[in-house]
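Reader: Hi! I've got a structure to look through. Could you walk me through it?

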Amino acid sequence: MINHQLYIKRCLQIAKNGIGTSRPNPSVGAVIVYENKIIGEGFTSPYGGNHAEVNAINSVNNKALLKEATIYVTLEPCSHFGKTPPCADLIVKHQLKKVVIGCVDSNSLVAGKGVERLINAGCNVIVGVLEAECRAHHKRFFCVQDKKRPFIILKWAETKDGFIAPVYPELVSETKNNETLKPVQGKPIWITNTYSQQLVHKWRSEEHAILVGTNTAIVDNPKLNVRTWSGNNPIRIVLDKRLRISENASVFDKSVKTIVITEVEKRGSENLLFKQIDFSKKIGSQVCQVMQNQNIQSVIIEGGTQTLQTFIDENLWDEARVFTGDVAFGKGVKSPSFKRQSSHEINIKNDVLKIYKND
């Protein structure tokens with residue numbers, strides 16, 4: 001008996017290679033099997049390049065074997081013309097007799113049409129093998145298609161005593177309830193170890209955008225790029241209601257596309273955009289609309305507390321990744337109020353990483 005799950009698992013393994021480069025296309029994995037042996041495999045190329053099915057078929061040396069082979073894919077093959085021709089047509093052209101699919105595409109341009117095209121051509125199509133795992137892998141793609149907003153990841157590091165940042169002597173209160181601190185530019189104080197910090201840079205390379213609030217941009221002066229990992233830099237998004245961040249801040253170096261969300265009207269440039277929203281209304285949903293208009297598929301929100309809390313309170317998040325470092329501040333800026341049960345925990349030397357999912 002053929003173990004379809006085994007080959008879909010291999011599809012999921014190789015599909016990870018396209019995360020961060022294939023967007024806006026989903027990073028699909030494809031495997032071609034002949035007589036219980038893998039004879040070809042591929043994943044989605046950077047946008048504009050070949051889809052996974054094309055790369056898998058091209059990798060097969062003896063194309064004559066395709067007529068008796070089975071192709072496995074994590075996501076339904078496309079049936080429409082985009083940057084490339086339909087993958088379903090290519091499968092039919094090479095007369096593959098069996099197609100095993102992890103999950104159906106919810107994109108209205110596909111949505112079962114690829115399966116229908118294959119069945120009408122005489123292919124034996126099996127759908128739903130490791131469906132939950134495949135949908136989880138394609139979570140960014142499905143979020144954009146189904147929720148009409150980017151996939152949102154919340155990330156922060158907190159101390160053993162529940163603080164996200166120390167209190168700086170120079171900071172003064174600027175809000176009515178005396179809870180939010182007005183920062184001065186400084187340098188970040190690390191809560192986690194270097195291994196956790198490197199993992200964060202890996203995450204940055206996988207997501208389309210990274211977002212921080214005004215205080216974080218001023219206090220930490222972060223570059224918000226990928227440094228200790230290889231991969232593309234995410235689009236930088238900064239919330240700055242009154243444009244208080246210095247023009248000399250690292251986020252304005254124009255090395256990476258940057259979007260400033262503000263209430264102030266200001267002309268930008270090709271790599272530095274200013275987008276206005278109404279800060280008296282729900283901020284999170286408006287930010288999501290800005291990102292949707294910019295075709296951003298995923299975002300990792302790295303702080304600070306006020307910004308993170310905004311998305312938590314509006315229930316606009318899909319995953320939360322929370323580090324607890326082996327340090328204590330005694331006093332400082334409290335971490336976000338977040339009452340959820342983690343799905344799993346990971347020990348990274350003396351740090352603890354908890355992963356939460358908003359199902």
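Reader: How many cavities of 30 Å³ or more does the structure hold?

Author: Happy to help! Bear in mind that this is a predicted model. The structure holds one cavity of 30 Å³ or more.

Reader: OK, and how much space lies in the largest cavity?

Author: About 150 Å³. There are 15 residues lining that cavity, and the closest to its centre are Ser22, Asn25, Pro26, Ser27 and Arg140.

Reader: How does the lining divide into nonpolar, polar and charged residues?

Author: Nine of the lining residues are polar, three are nonpolar and three are charged.

Reader: Switching to sheets. In what order do the strands of the five-stranded one come?

Author: The order is 2-1-3-4-5, in an open sheet with mixed pairing. Strand 2 (37–43) and strand 5 (124–127) are the edge strands, each pairing on one side only. On average, neighbouring strands here are turned by 15 degrees against each other, ignoring direction.

Reader: And strand 1 with strand 2, how many bridges join them?

Author: Six, and the two strands run antiparallel; strand 1 covers residues 29–34. As one example of who faces whom, tyrosine 34 stands opposite lysine 37 in strand 2.

Reader: Nice. Which strands does helix 1 touch?

Author: Helix 1 (residues 4–15) packs on this sheet and touches strand 1, strand 2, strand 3 (70–75), strand 4 (98–103) and strand 5. The direction of helix 1 makes about 140 degrees with that of strand 1. Helix 4 (residues 113–120) packs on the sheet too, touching strand 4 and strand 5, with its direction at about 150 degrees to that of strand 5.

Reader: What about the nine-stranded sheet, is it open or closed?

Author: Open, with mixed pairing, and the strands come in the order 13-12-11-10-14-6-15-18-17.

Reader: Why is one side of strand 13 and of strand 17 left without a neighbour in the sheet?

Author: Strand 13 (272–276) and strand 17 (344–348) stand at the edges and have a single partner strand each, so one side of each has no neighbour in the sheet. The average turn between neighbouring strands in this sheet is 20 degrees, direction ignored.

Reader: How many bridges join strand 17 to strand 18?

Author: Five, with strand 17 and strand 18 (residues 351–357) running antiparallel. Glutamate 345 stands opposite lysine 354 in strand 18.

Reader: Last one: which strands does helix 6 lie across?

Author: Helix 6 (residues 139–147) lies across strand 6 (151–158), strand 14 (298–301) and strand 15 (319–324). Helix 6 runs at about 125 degrees to strand 6.

Technical notes:
Residues numbered from 1 in each chain as written. Predicted model: local features only at pLDDT ≥ 70, side-chain atom pairs only at ≥ 80, totals over all residues. Heavy atoms only, no water. 1 Å grid on protein atoms, 1.4 Å probe; cavity = no way out; pocket = protein on both sides within 12 Å on 5 of 7 lines; lining within 4 Å. Points joined across faces, edges and corners; volume = space filled by probe spheres on them. Nonpolar A, V, L, I, M, F, W, Y, C, P; charged D, E, K, R; others polar. Pairing = 2+ DSSP bridges. Helix = DSSP H or I, 4+ residues; strand = E, 2+ residues; numbered from the N terminus. Axes fitted to C-alpha atoms, helices over the stretch in contact; angles between N-to-C directions. Contact = heavy atoms within 4.5 Å.
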